[in-house]
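The following paragraphs lead through one protein chain, from its overall make-up to a few chosen details. Please keep the sequence and the three-dimensional view at hand while reading.

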Amino acid sequence: MHPFRSFHTSAAALASPPQSGLRITWFGHSSTLLEIDGSKILIDPFWSERASPFAWAGPKRWYPPLIPLHDLPSIDVVLISHDHYDHLDYASIVAMRSWHNVFVVPLGIGAHLSRWGIPNERIIELDWWQSTRQGNIELVATPARHSSGRLSAHR
């Protein structure tokens, strides 16, 4: 088996807008920065070492994050797909409490964010087929078949 090699980027590389109006930067698993027509959407940010409610147990990252979370450019929207630990990362969300972005999430996930200190006015919950317009981008929640759920007593 060949070792997995990661691409390296920097805050400086992300500081200038994409010439085409579109740039996608993959940070691993589902964590992706989508830059489209001037909007910056961070999808499923996961910067922790493990996908788990516990810091000492659970699956580890294959490689460290490409850049520190605080080195990302100003984000307009954080989009969360569902509440599995590898998509809804407590430590990453808590690190975003002082940011100015909105969070667009499926129904039920807003309660996690609110409990973790994200102000309710920054949380937009969508049911299937509901949409929200953020700047010049329309985001639509579409159905998926993927069992989801997380113990509310845990992060």
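Buried residues, meaning those under 20% relative accessible area with a 1.4 Å probe and protein chains only, account for 42% of the 155 residues in the protein chain. The model is a predicted one, in which local features need pLDDT of at least 70, side-chain atom pairs count only at pLDDT 80 or more, and totals for chains, interfaces and linings use all residues. Residues are numbered from 1 along each chain as its sequence is written, and side-chain values use heavy atoms, with hydrogens and water left out.

The surface can be described as well. About 9,300 Å² of the protein chain is exposed, and 57% of this area is supplied by carbon and sulfur atoms; accessible areas come from the Shrake-Rupley method with a 1.4 Å probe, and for residues only the protein chains shown count as cover.

The protein chain contains three helices and eight strands. These are DSSP runs numbered from the N terminus, with helices being H or I of at least four residues and strands being E of at least two. From the N terminus, their order is α-β-β-β-β-α-β-α-β-β-β. Of the contacts (heavy atoms within 4.5 Å) between residues at least 6 apart in sequence, 51% join residues at least 24 apart.

One part of this order deserves a closer look. Strand β5 (residues 102-106) and strand β6 (residues 123-126) run parallel and are joined by four bridges; two strands pair if DSSP finds at least two bridges between them. F103 has I123 in β6 as its bridge partner. Together with helix α3 (residues 109-115), β5 and β6 make a right-handed β-α-β unit: with the strands pointing away from the viewer, the path from the first strand over the helix to the second runs clockwise.

Strand β8 (residues 137-140) includes V140. Is V140 buried or exposed? V140 has a relative accessible area of 42% and therefore counts as partly exposed, the class between under 20% (buried) and over 50% (exposed). Apart from neighbours within four places in sequence, V140 is in contact with W129, Q130 and S131. The C-alpha atoms of V140 and D127, which are 13 residues apart along the chain, are separated by 9.1 Å.
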